[in-house]
Each structure stands twice: as structure tokens, then as C-alpha cells.
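Please find below my comments on the charged side-chain contacts and on one sheet. They are set out as numbered points.

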Amino acid sequence: MAKQQVISPLPGTFYRKSAPDQPSYKEEGDQVAVGETIGLVEVMKSFHEIKSDFAGTVTKFLIDNEDAVMAGQALVEIDG
Amino acid sequence: MAINVISPGLATSVQDLGRPGYYHLGIPISGGMDRYALRAANMLAGNDEAAAVLEAVFMGPELAFTQDATVAVTGADLPPKLDGEARESWTSFAVKAGQVLSFDYLKGGARAYIAVSGGIDVPLALGSRSTYTLGALGGLDGRNLLAGDVLPLGAGTAAAEGRSVPAKLRRLPGAQAELRAMPGLYWHRITEASGRRFFEDTWKVALEADRIGYRFRDGRPLEFVERTPPFGAGSDPSNIVDSCYPYGSIQVPGGTEPIVLHRDAVSGGGYFMVGTVISADMDFIGQLQPHTPTKFVSVDMAAALAARHDRQAMLNEIRAMLA
């Protein structure tokens, strides 16, 4: 099993859910497929879906919901 | 002969030095947010300083060249790659027909300027090639780039490879930023204590910051001087009778979040302004990332003019070097 990281291409604020009253896209332990959304990054009045480049199990979120994120920063760790 | 846009980046637009002369008619000045970097990119690529370039924010585009050209990338630290191989920023490099220019993740700053020898040859709109997206004016069909776009290039002689601007003539924000501003305009609308706090507080670049205005948050709300609202101003103490908005003016709707108006700003309205960011620091604003802690520093006209002079001297140094 190789550990992979999904990287944010943008600076902004990271969200793990599509709206405050919605469940998180993924929880730790969930399976994720290539191209599946794992969260959103908000910047310049728009939200950008962050999709996984890997298939596997979400082992750890490295950035918390609503925390600031820098371009190039790892958001989530996937074991696949 | 042209450039094919494989992927557009986040909000990449064609910009030149702008479209002055129509602001009083409601058409903003537009142009690159960091015009110092834009001019440098053009000079490195062997263009006229005022040629049209691409302004990429936070994320670079992927561009396929159908002709040989010289390229220079300045501004934000957004490392260019040619066919996947790293190239230096602030340094001209040769691109062959068939090669693909892409970018690594942003390392610092916010906006990169991509100059290509010959310039981006979109039609002039009111004397400028700059894109004003809200008004669908200029640039490529008045909008940001999309995948599949074809960017026409002007005729130009490609400059030599390896021309470079030394590090001391590049300007990028660090972890914290300072913006020099002259208090004025409607400064009298807030109390003296509130005015002091405005310059004491550390503000943070808000997520909404864009080409229209740079918004800041997390400072203490402003405290207004009591008044009887003049006819047309409305009851909110941050409202005024409609007025012109200068480029760089700092409006504070509701007294809570200052917005520095930038290249694509509206030209007038009813929000009071506490002052104006000096011209020497306007380029710098375009390089601020969201969440950057920022302080406004109060300066007078003499300091503002001296800073403008310093900026001009830096530009002249680049000109002398690359002429």
C-alpha cells in the first residue's frame, strides 16, 4: 500500500463539505475513487472542487474544515 | 501562428498597461494588477513594455506553442516548466514550436505575468487589449481564457535567451504585508480613535479579493462621527452622497471590511473612503494571497511621492539593463 497525497492547486479556505448542513464528502476510513471530490477550496468568490488523483482509503485529513490552505499544500492522505 | 490553450488556469486573462481615459464614463482602467512585473516580463521577452501579456492568478495555464518564441514569466513565484522541465522566473527562455509551457504550484505572490515575444495580439478595445470581464470588454472575447482558445501572437523579434532581472529588482510580499496609505477623502467621517485603530490593526486579505478590489478583514470595526445624513446618503453611517472612487481608494462598507479598489473597480458610488493606497504600493497588492496579514501604514504626500520616485528608479534600472 502506497501513501499518496491530494494537493491543493490553489490558496484559499478548505471545506470538507459542499454546504454547512451537508455531510463531509469523505471521512477518514472511507474509500475514494480517482476523480472523486474530497473537498472544496474557496478563493475569489468561487468554490473549486478538489478531486482525488488516486484510488484507495482516506487515512488522514491534513487540513481541517474551514482552515486556510496554500497552493501546493497536501489536503488528504490516501492509502492505495 | 499562435498559442493553443490546453488548460486555462484559474482566471487567466489578457492584460496590458490598461485603458485609462474612460473611468469617468464608468469604464475601469483595467490592465495588469502588478504592472511593474508586467513591464519587466515584456522587456525580458523583447517586447514593447506596453504589449499584452497573460496574467495568471494563483494557478498557471497550460499553453502549447505553434511557433518559436521567447517567453518570460515574472511577478508571483509560479515556477514555469517547458515540456515538464523547470525554467527560471524573471528570465527569458526560448520556446520551440510544439513545446508546452506549464507551471508548478504557486510558491509565493499571487499573479504571474507571461510575456511572449510579439505580444498577445487580440484586437484593441478603446485603445487597450486588457480584459475587463465584468463589462465583457477587451482581451479575448472580453473574458478569461478557456481550454481550446487560440491566442494570436503579434509579429516580433524574439529576444535572446537568459536575459534576467536581478533579485533586488523583484518585489514580492513576505509572510506579512504593509500597504502605505494617505488618510483623506472621507477620513473626517470616523473618530480620531477609530482612525488610529485602522492603522494599528493587523488586517487579513479576504477570500473575495480580486481584480475589482482587495478586501481585508479581522480589524476592529470603524467608529463613525455622528451626523444627520445628508440628502441622498441614506442612514448607514458608512454611506455618502454618491461620489467618484479613485483607483486605490479604501472604502469600508458598513465600517467593517476595507476594500482597496483596483484595476477593474467601479468608478463611483456611495461608500465613504478612509483614504488611498499610494501608487507605489498598488502593484504589490496584486501579489497578496488570501489570508496574508496586512497593515496599513499612514504616510503623507511627500512620502508617497518619494515612494513613487523609488519605484520609477527601479523600473529605470531594469530598462537600462534590458534596453
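1. A salt bridge is taken here as a side-chain nitrogen of Lys or Arg within 4 Å of a carboxyl oxygen of Asp or Glu. The model under discussion is predicted. Under this criterion, 26 salt bridges are counted over all chains.

2. B:Arg39 and B:Glu49 satisfy the criterion, with their side chains meeting at 2.7 Å, N to O. The two residues are ten apart and belong to distant parts of the chain: B:Arg39 is in helix α1 (residues 35–45) of chain B, while B:Glu49 is in the loop between α1 and β3 (53–57) of chain B. The acidic partner, B:Glu49, has a relative accessible area of 17% and is buried, because buried means under 20%.

3. A salt bridge also joins the side chains of B:Arg143 and B:Asp141, at 3.6 Å from N to O. Are these two residues buried or exposed? B:Asp141 counts as exposed, at 62% relative accessibility, whereas B:Arg143 counts as partly exposed, at 24%.

4. In the salt bridge between B:Asp201 and B:Arg220, the closest N and O atoms are 2.6 Å apart. B:Asp201 lies in the loop between α2 (192–200) and β13 (203–205) of chain B, and B:Arg220 in the loop between β14 (213–217) and β15 (239–244) of chain B; the pair therefore ties together parts that are 19 residues apart in sequence. B:Asp201 counts as buried, at 8% relative accessibility, and B:Arg220 is partly exposed, with a relative accessible area of 38%.

5. Salt bridges in this model also form a network, which links B:Glu55, B:Arg111, B:Arg211 and B:Asp264. As a general point, side chains of opposite charge can pair when their charged atoms come close.

6. Turning to the sheet, six strands of chain B form an open arrangement in the order β7-β6-β9-β4-β1-β11, with antiparallel pairing. Why do β7 (85–86) and β11 (150–152) of chain B each have one side without a neighbour in the sheet? These strands stand at the edges, and each has a single partner strand, so one side of each is left without a neighbour.

7. Within this sheet, the pairing of β6 and β9 can be described further. Strand β6 (residues 80–82) of chain B pairs with strand β9 (residues 100–103) of chain B in the antiparallel sense, over three bridges. B:Pro80 has B:Phe103, in β9(B), as its bridge partner. In general, the strands of a sheet pair through backbone hydrogen bonds, either parallel or antiparallel.

Note on methods
Residues are numbered from 1 along each chain as its sequence is written. Chains are lettered from A and ligands numbered from 1 in the order in which they are written. This is a predicted model: local features need pLDDT of at least 70, side-chain atom pairs count only at pLDDT 80 or more; totals for chains, interfaces and linings use all residues. Side-chain values use heavy atoms; hydrogens and water are left out. Helices (H or I, at least four residues) and strands (E, at least two) are DSSP runs, numbered from the N terminus. Buried means under 20% relative accessible area, exposed over 50%, partly exposed in between (1.4 Å probe, protein chains only). Two strands pair if DSSP finds at least two bridges between them.
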